[in-house]
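Visitor: Got a minute to walk me through this one? I'd like the overall picture, then a few residues.

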Amino acid sequence: EAQARASLKCNLIADEVEMVEKSSRPVLGFSVNRLNGFTDGVLAIVITLLVFGIDIPEDHKFSEQGLVAFLLRIGRDVMMYAASFWLIGAYWVQHHAVFHFLRYCNRSLIWLNILFIFPLTLVPFLTKLKVVYRSDVIVVPLFGIAFILSGLILLGIWRYAVSHPELMWHPNIDPSVVRSMHQRIMIGPLISLVAVGLSFLNLNLGTIAFCTMPLFYLSHRSADSKWEKPEESSA
């Protein structure tokens, strides 16, 4: 029993030493907090701008139309606002999941992240375009391309991060988590591609297909269970 206690005490001391060494390592890159703060701010603005795409018709007469009739008239605008809000939210969640594994980043990751944001900043414009040209099938591929590009770039960010373990909190990530993240990130581009194809058959069906994407990002147990909280690593 005494030997077991001594062994346990040695293990605890070793863990404490490892934590101290980890927290004392020099920062070899840029702050992830600043990168995440920039991304959060841009996407917050993008989501806010979406609501300005809901217009009150110029020929609307408040004295002659009831509220229900008015809401039905702008129903498509509201539906597209909700769909775009839902989709950007899903990409934000997946972006957060990826960067939670990173301790710091380098210039390459910063530029990749800027590329990831760029197509998403076009979504308010593309959403409005989709409302105005509601019967034009060509506008749907333009809408889908934004999410396809952002998804593929996010996949590139994850692959780059995994190939540079010095940037991670845990240099050796469970291979099952790496594969799972690959697959889940690819869900966005694949669903967007399918939605674009369905839109050539039925525009509403394509929109519904887009809206199924966030359902796959509601939980990710294999990745979430492997997170190491930064505050614990730097304690």
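Guide: Sure. There are 11 helices and two strands in the chain. Keep in mind that this is a predicted model.

Visitor: In what order do the helices and strands come along the sequence?

Guide: Reading along the sequence, you get α-β-α-α-α-β-α-α-α-α-α-α-α.

Visitor: And how much of the chain counts as buried?

Guide: The chain has 235 residues, and 40% of them count as buried. Its accessible surface comes to about 13,500 Å², with 66% of that belonging to carbon and sulfur atoms.

Visitor: What share of the contacts is between residues 24 or more positions apart?

Guide: Taking the contacts with a separation of 6 or more, 81% are between residues 24 or more positions apart.

Visitor: OK, pockets. What lines the second largest pocket?

Guide: The lining is made up of F30, S31, R34, L35, F38, I110, N113 and I114. About 190 Å³ of space lies in that second largest pocket.

Visitor: Which elements supply at least two residues of that lining?

Guide: Strand 1 (30–31), helix 2 and helix 5 (107–121) each do.

Visitor: Staying with helix 2 for a second, where does I45 sit, and is I45 buried or exposed?

Guide: I45 is in helix 2, which covers residues 32–50. The relative accessible area of I45 is 52%, and the cut-off for exposed is over 50%, so I45 counts as exposed.

Visitor: Which residues form a nonpolar patch with I45?

Guide: L49, V51 and F52 join I45 in a nonpolar patch on the surface. Together the four have about 400 Å² of accessible area.

Visitor: Back to helix 5. What about S108?

Guide: S108 lies in helix 5 and is partly exposed, at 36% relative accessibility. Its C-alpha is 9.1 Å from that of I157, with the two positions 49 residues apart in sequence terms.

Visitor: Let's go inside. Is S150 buried or exposed?

Guide: S150 is buried, because its relative accessible area is 0%. You'll find S150 in helix 7, residues 139–162.

Visitor: What does S150 touch?

Guide: Leaving out residues up to four places away in sequence, S150 touches Y91, F116, P119 and L120. For S150 and F116, the C-alpha atoms are 4.9 Å apart, though the two are 34 residues apart in sequence.

Visitor: Helix 4 next. How does Q94 look there, buried or exposed?

Guide: Q94 lies in helix 4, residues 75–99. At 4% relative accessibility, Q94 is under the 20% cut-off, so Q94 counts as buried.

Visitor: Which residues does Q94 touch?

Guide: With residues up to four places away in sequence not counted, Q94 touches L154, M181, R184, I185 and Y217.

Visitor: Switching again: where is F210, and what does F210 touch?

Guide: F210 is in helix 9, residues 203–211. Not counting residues up to four places away in sequence, F210 touches L87, V140, F143, G144, S192, A195 and V196.

Visitor: Why does F210 count as buried?

Guide: F210 counts as buried because its relative accessible area is 1%, and the cut-off for buried is under 20%.

Visitor: How far is F210 from W86?

Guide: Their C-alpha atoms are separated by 9.3 Å, while F210 and W86 are 124 residues apart along the chain.

Visitor: Last one: N204. Which helix holds N204, and how accessible is N204?

Guide: N204 is found in helix 9 as well. With a relative accessible area of 41%, N204 is partly exposed.

Visitor: And what does N204 touch?

Guide: R76 and M79, not counting residues up to four places away in sequence. The C-alpha atoms of N204 and R134 are separated by 9.8 Å, and those two residues are 70 apart along the chain.

Conventions:
Residues are numbered from 1 along each chain as its sequence is written. This is a predicted model: local features need pLDDT of at least 70, side-chain atom pairs count only at pLDDT 80 or more; totals for chains, interfaces and linings use all residues. Side-chain values use heavy atoms; hydrogens and water are left out. Patches are made of residues with over 30% relative accessible area and no salt bridge: like charges are joined within 9 Å, nonpolar side chains (Val, Leu, Ile, Met, Phe, Trp, Tyr) within 5 Å. Accessible areas come from the Shrake-Rupley method with a 1.4 Å probe; for residues, only the protein chains shown count as cover. A salt bridge is a side-chain nitrogen of Lys or Arg within 4 Å of a carboxyl oxygen of Asp or Glu. Helices (H or I, at least four residues) and strands (E, at least two) are DSSP runs, numbered from the N terminus. Buried means under 20% relative accessible area, exposed over 50%, partly exposed in between (1.4 Å probe, protein chains only). Contact means heavy atoms within 4.5 Å. On a 1 Å grid over the protein atoms alone, a cavity is a set of points where a 1.4 Å probe fits but cannot get out, and a pocket is an open set with protein on both sides within 12 Å along at least five of seven lines; lining residues have an atom within 4 Å of a point. Grid points are joined across faces, edges and corners, and a volume is the space filled by probe spheres set on the points.
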